[in-house]
Amino acid sequence: MSDSPSTTKLPAQSPPVDPAETEAAGHRAAPAPAGRLSWWHGDGGEGARRNLALIGVLLILFVIGAATRSDLYSNPDWVWANMLSILKLASVVGVVTVGMTFVIIGGGIDLSVGAIVALAGVWCTTVATQSFGAAGMIFTAIVVGVAVGLVNGTLIAYGRLVPFIATLAMLVAARGLAAEISQKQTQISQNNTINGIASNDLFGIPLLVYILAAVVLAGWVLLNRTTFGRRTVAVGGNPEAARLAGINVKRHTLMLYALSGLCCGIAAIMLTAQATSAQAAMANLYELDAIAAVIIGGTLLSGGRGTIIGSLLGVIIFATITNLFAINGLSTEAQNMVKGGIIVAAVLIQQVQFGSLSQFFRRNRLTTS
Amino acid sequence: MTQHSRRRLLFGGAAIGTGVLLAACTSNEQQTPTEAQTKAADGGGNAEPGKQVTVGFSAPAADHGWIAAITNNARAQAAAYSDVEFKTVEAGADAAAQRAALSTLISQKPDVIVLLPHDGKELNSFGLEAMQAGIPVVNLDRAFPDAKAYRLQIKGDNYGMGVSAATFIVEQLKAKGVSNPVIAEIAGMDELELTQERTKGFNDTLAQHGFRVANRRAARFTVDSGQQETSQLLQALPKIDAIWNHDDDQGIGVLAAISQANRNEFFMVGGAGSKKAMEDIQADNTVLKATVTYSPSMASSAISLARLIGQGRGMSDLVELQVPKEIILASETITKENASDYLKLGF
């Protein structure tokens, strides 16, 4: 019954009001024929070129690091270990960011990811859960993550709450529940299999990096090579057009938030393994880290366009900056200011890069007049 | 249709079953303060029951082991006295919320208020207001700038923590004969005054011996931030002689990062004195060799003193007829040798 498209009611997201914008969004939202998926030309190409720019930023950061700490960078073993350390630092937020990318491409936002990570982490490290062993802990974290995501999705898709408000409420509620379960204590993970996820390597590469790679790969395939991914782009680009094209927009929105919750569940296990413990205050402000990485990666905050690889590069850039400031012994305050500057710079550069300068100024004149 | 509904039934049943299972998984052993963190009313002197006293209590609901221990200790100590009625109000998320909660507390007319403010400066005016209304205020740990705003101030010694940690590190390094040591520091939340005081005490004491901190990262008192900042600190310093970590709660993450990086060429000093840290020091199987105290047992003492203030009595071992105005706890150094004595004060 819920499967039959409603013909009388508008979907949860109201369509864009500006006619020009509607037209543009409609173009993006049109179901993509196979030829447009080429990675360099067409739709995908824009993202690929953008990602090359981000790799350029990473190279610049590497050069800055090498120039400021040439004593450390002269040792190849140290450089390799440092790169792995950056990837490990990026791994947890990276997994969260994959889910966030889907939600944002689908036209929503999930502010509750940090709170879900904390809740899933706390829930999977209670004394009762730990008695079920590693499998029980992983199962619990993932089910808690998906369940909270489903609540978010239901509120947004069927309860017609604005995503910002629904997930903001969940942010507060999930942290509250986490504090209630943990009694505000730090819960130590006694499980060596779980803790080993963060300390063990396979062929010289940490397990955390494999998990990140697997999630990113799965996310990339899901977004670019499946109907689900194409529908996500359509729903985010223009929900009304997507609905008229026969997509069940509400159910799709529900699934996007569940996917984000799933990623949070996986991230919770990784973070618990890293810290060998969990507490209600952990994963603080991960939602902002993830959203910033998604934006740097070139995903439109209004939905309808974005890449997984771009988001991953955004997370790695942030981790590299943290690393750069740490090895130079600079303060966290300065580091945060630089990160803020990079977010603004990334968005400004993207505006200039993909239209000519004259187009950039013409558009600005249009909006101001 | 039957196919459809059977699938729904199975799916729904599985979902409910999982929900029940997970709900059962929220159980934790209830962590109540140990006997020793309260002072039993075992006869004689101050312990003798006096006039009935109502003590109002407010502390932030922060998700941190230390604050949780403060509230638990206060409640347990109040319960140990037959003549104390304990009224607690949640302090909410910030100074404004705590002020609102406290005004409802005043209307209940307690005899004494024990208060751990979100911020001593911001709640200074509340202290003045309560004192003028004739309700003595006991300030716990976060000082009011105005001396008229409190009857008693009991707090830990943040500067002293830094001094104790640096003193231990200097002693150890001198004993080993290290001439130019690499010393690292993992601080807590940098925007807090207490973090700055701890760092100042640490730096001042090191400087007296010609040592300095090679690299310092500020974590956020949480296990995951401790792990992340430490992993980067270890990258920055390929060889370290000593680390001071400000907080044992985030220290769980700090130790995790150290073992994940397979580093053990240095020794570490903790801060605050959690039970886990003391057990690690006693077991002597990690780099953690000492911790400097900042004990939440001060909440128990604050309740005892609030009771005496409410009854108009002094401390029976002192000559004065009233409780002193200011008490600053010493920051003690816990090592393998004395860890067993302090274990009962761990939180």
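This is a dialogue on how to read chain B of a predicted model.

Colleague: Before any detail, how many helices and strands does chain B have, and what share of its residues is buried?

Modeller: The secondary structure of chain B comes to eleven helices and twelve strands, and buried residues make up 50% of its 347 residues. Its C-alpha atoms fill a box of roughly 85 × 60 × 40 Å along the principal axes. Of the contacts in chain B with a separation of 6 or more, 72% are between residues 24 or more positions apart.

Colleague: Which domains does the assignment give for chain B?

Modeller: The assignment gives domain 1, made of 50-156 + 296-313, and domain 2, which covers 158-293. The C-alpha centres of these two domains of chain B lie 32 Å apart, and the contact takes four residues from domain 1 and five residues from domain 2. On the side of domain 1 that touches domain 2, one residue is nonpolar, three are polar and none is charged.

Colleague: Let us turn to the sheet; in what order do its six strands lie, and which are the edge strands?

Modeller: As a general idea, side chains in a regular strand alternate between the two faces of the sheet. In chain B, the six strands form an open sheet with mixed pairing, in the order β7-β6-β8-β9-β10-β12. The edge strands are β7 (213-218) and β12 (333-335) of chain B, each of which pairs on one side only. On average, and with direction ignored, neighbouring strands of this sheet are turned by 20° against each other.

Colleague: Which helix packs on the sheet and touches β9 of chain B, and how is it directed?

Modeller: That is helix α5 (residues 158-176) of chain B, which touches β6 (183-187), β8 (242-245), β9 (267-272), β10 and β12 of chain B, while its direction makes about 160° with that of β9(B). Helix α6 (residues 193-208) of chain B lies across β6, β7 and β8 of chain B and runs at about 170° to β6(B).

Colleague: Within the sheet, which pairs of strands run parallel or antiparallel?

Modeller: One of each can be followed at the residue level. Strands β8(B) and β9(B) run parallel and are joined by three bridges, with Phe267(B) in β9(B) as the bridge partner of Ala242(B). By contrast, β10 (residues 288-293) of chain B pairs with β12(B) in the antiparallel sense over three bridges, and there the bridge partner of Ala290(B) is Thr335(B) in β12(B). As for burial, β9(B) is mostly covered, with five of its six residues buried.

Colleague: At what angle do α7(B) and α8(B) cross, and which residues make the contact?

Modeller: The axes of α7(B) and α8(B) come within 7 Å and cross at roughly 40°, and the crossing is right-handed. From α7(B) the contact includes Val223(B), Gln227(B), Thr230(B) and Leu234(B), and from α8(B) it includes Gln250(B), Ile252(B), Val254(B) and Ile258(B). The residues of this contact divide into seven nonpolar, eight polar and one charged.

Colleague: How should I read the interface with chain A, and which elements of chain B contribute to it?

Modeller: In general, the size of an interface is often given as the accessible area lost when the parts come together. Here the description is by residues instead: 36 residues of chain B are in contact with 39 residues of chain A. On the side of chain B that touches chain A, the elements giving two or more residues are α1 (2-24), α2 (65-80), β7, α7 (223-236) and α8 (248-260) of chain B. The largest share, nine residues, comes from α7(B). By class, this side of chain B has eleven nonpolar, 17 polar and eight charged residues.

Colleague: Lastly, what is the phi of Phe221(B) and of Asn262(B), and are these residues buried or exposed?

Modeller: Most residues other than glycine have a negative phi. Phe221(B), in the loop between β7 and α7 of chain B, has a positive phi near 65°. Asn262(B), in the loop between α8 and β9 of chain B, also has a positive phi, of about 55°, although it is not a glycine. Their surroundings can be read from neighbour counts: Phe221(B) counts as buried because it has 26 C-beta neighbours inside 10 Å, whereas Asn262(B) counts as exposed because it has 8.

Note on methods
Residues are numbered from 1 along each chain as its sequence is written. Chains are lettered from A and ligands numbered from 1 in the order in which they are written. This is a predicted model: local features need pLDDT of at least 70, side-chain atom pairs count only at pLDDT 80 or more; totals for chains, interfaces and linings use all residues. Two strands pair if DSSP finds at least two bridges between them. Helices (H or I, at least four residues) and strands (E, at least two) are DSSP runs, numbered from the N terminus. Axes are lines fitted to C-alpha atoms, for helices over the stretch in contact, and angles run from 0 to 180 degrees between N-to-C directions. Two residues are in contact if their C-beta atoms, placed from the backbone, lie within 7 Å. Ala, Val, Leu, Ile, Met, Phe, Trp, Tyr, Cys and Pro count as nonpolar, Asp, Glu, Lys and Arg as charged, and the others, Gly among them, as polar. A crossing is left-handed if the near helix is turned anticlockwise from the far one by less than a right angle, and right-handed if clockwise. A residue is buried if 20 or more other C-beta atoms lie within 10 Å of its own, exposed if 12 or fewer, and partly exposed in between; C-beta atoms are placed from the backbone. Domain bounds come from an automatic or database domain assignment.
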